[in-house]
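Let's take a walk through this protein chain together, starting from a single residue and working outwards.

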Amino acid sequence: MLNIAIVEDEENYRNILYEYLKRYEQENNEEVQISVFADGDEIVENYSAKYDIILMDIEMQFMNGMDAAKKIRESDREVIIIFITNMVQYAIQGYEVDALDYVLKPISYFAFSQKILRAVGRMKKRVERYIHIISKNGVDKVPVSEISWIESEGHRLIYHTRNQVYESTIRSMKEIENELKDCNFFRCNKGYLVNLAHVRAIRDGWAILSNGQVMISRSKKTEFQKALTTYAGENVK
């Protein structure tokens, strides 16, 4: 079930958004729970991080959508925000609050439904996966999203996260590569498996990550660049 909030001060557009969500619900066979607010201050007051998506008008009387989104982001980093506006220049400011997208008024159902489909796709990708790393000290359950890269050294696998390093002698690089094949990892050379989400740049044959750098083999360079470009395109804000 999707839990969606509509924040819109114009009754006409509130009704349109509500009707479009009910149509989306029928066409996609997905239950949608809808909450409606007439101004930004209404959703901010006693805000609860229970929504999957917020459809937020930008220009409202008491608290505009940008200020409301900033306030919401103080306690909820996960909710997907889509701005509703008739001014493109306002929507562009959405990066400040990690807005996914914007819908221009007047609102067409096709454009609206595409934005909702994109938001739902983002939600499904965001579901956290975990990996169990077995070492001589025990078993650690580690979120896959926190792994920057995995290194093969002799008979060991070394998992690098932002804050910790884990070692395991149980599995091979081939096995772990196969397990993470749907998690945006790329084998950039024989001994390294890189999480594309952590790559910040490619420079002089190295992948620059959030907490280190890994060499890209010459034979993998073009393929790695294509994989990174594809990943970036699919996850653009």
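A residue counts as buried when its relative accessible area is under 20%, as exposed when it is over 50%, and as partly exposed in between. With that in hand, turn to Ser 35 in this predicted model. Its relative accessible area is 15%, so Ser 35 is buried. Where does Ser 35 sit? Look in strand 2, which holds this residue. If you set aside the neighbours within four places in sequence, the residues in contact with Ser 35 are Asn 3, Ile 4, Ala 5, Ile 6 and Tyr 51.

Several of these names lead us to the partner strand. Strand 1 covers residues 2-7 and runs parallel to strand 2, with six bridges joining the two. One pair you can pick out by eye is Ile 4 and its bridge partner in strand 2, Ile 34. As general background, the strands of a sheet pair through backbone hydrogen bonds, and they do so in either a parallel or an antiparallel way.

Now zoom out to the whole sheet. Five strands form an open sheet with parallel pairing, in the order 2-1-3-4-5. Its edges are strand 2 (32-37) and strand 5 (101-104), each of which pairs on one side only. On average, neighbouring strands of this sheet are turned by 20° against each other, ignoring direction. Helix 1, residues 11-28, packs on the sheet and touches strand 1, strand 2, strand 3 (53-57) and strand 4 (80-85). The direction of helix 1 makes about 175° with that of strand 2. Helix 3, made of residues 65-73, lies across strand 3 and strand 4, and runs at about 150° to strand 3.

Further along the chain there is another sheet to visit. How are its strands ordered? The order is 10-9-8-12-11, in an open sheet of five strands with antiparallel pairing. Strand 10 (165-168) and strand 11 (185-189) each have a single partner strand, so at these edges one side of each is left without a neighbour in the sheet. Here, too, neighbouring strands are turned by 20° against each other on average, direction ignored. Within the sheet, strand 8 (residues 147-153) and strand 12 (residues 192-195) pair in the antiparallel sense over three bridges. To find this pairing on screen, look for Ile 150, whose bridge partner in strand 12 is Leu 193.

Our next stop is Lys 220, in the loop between strand 15 (212-215) and helix 7 (221-234). Is Lys 220 buried or partly exposed? Its relative accessibility is 26%, so Lys 220 counts as partly exposed. Apart from its neighbours within four places in sequence, Lys 220 is in contact with Phe 186, Arg 187 and Cys 188. For a sense of scale, 45 Å separates the C-alpha atoms of Lys 220 and Ile 58, which are 162 residues apart along the chain.

Finally, step back to the chain as a whole. It contains seven helices and 15 strands, and its C-alpha atoms fill a box of roughly 65 × 40 × 35 Å along the principal axes. Of its 237 residues, 45% count as buried. Among contacts with a separation of 6 or more, 54% are between residues 24 or more positions apart. The chain exposes about 13400 Å², with carbon and sulfur atoms supplying 46% of that area. As for charge, there are 32 positive and 36 negative side chains, and the centres of these two sets lie 10 Å apart.

Methods:
Residues numbered from 1 in each chain as written. Predicted model: local features only at pLDDT ≥ 70, side-chain atom pairs only at ≥ 80, totals over all residues. Heavy atoms only, no water. Pairing = 2+ DSSP bridges. Helix = DSSP H or I, 4+ residues; strand = E, 2+ residues; numbered from the N terminus. Axes fitted to C-alpha atoms, helices over the stretch in contact; angles between N-to-C directions. Contact = heavy atoms within 4.5 Å. Buried < 20%, exposed > 50% of the residue type's maximum accessible area, 1.4 Å probe, protein only. Areas by Shrake-Rupley, 256 points an atom, 1.4 Å probe, with all protein chains shown as cover. Lys, Arg positive; Asp, Glu negative; His and termini not counted. Charge placed at Lys NZ, Arg CZ, Asp CG, Glu CD.
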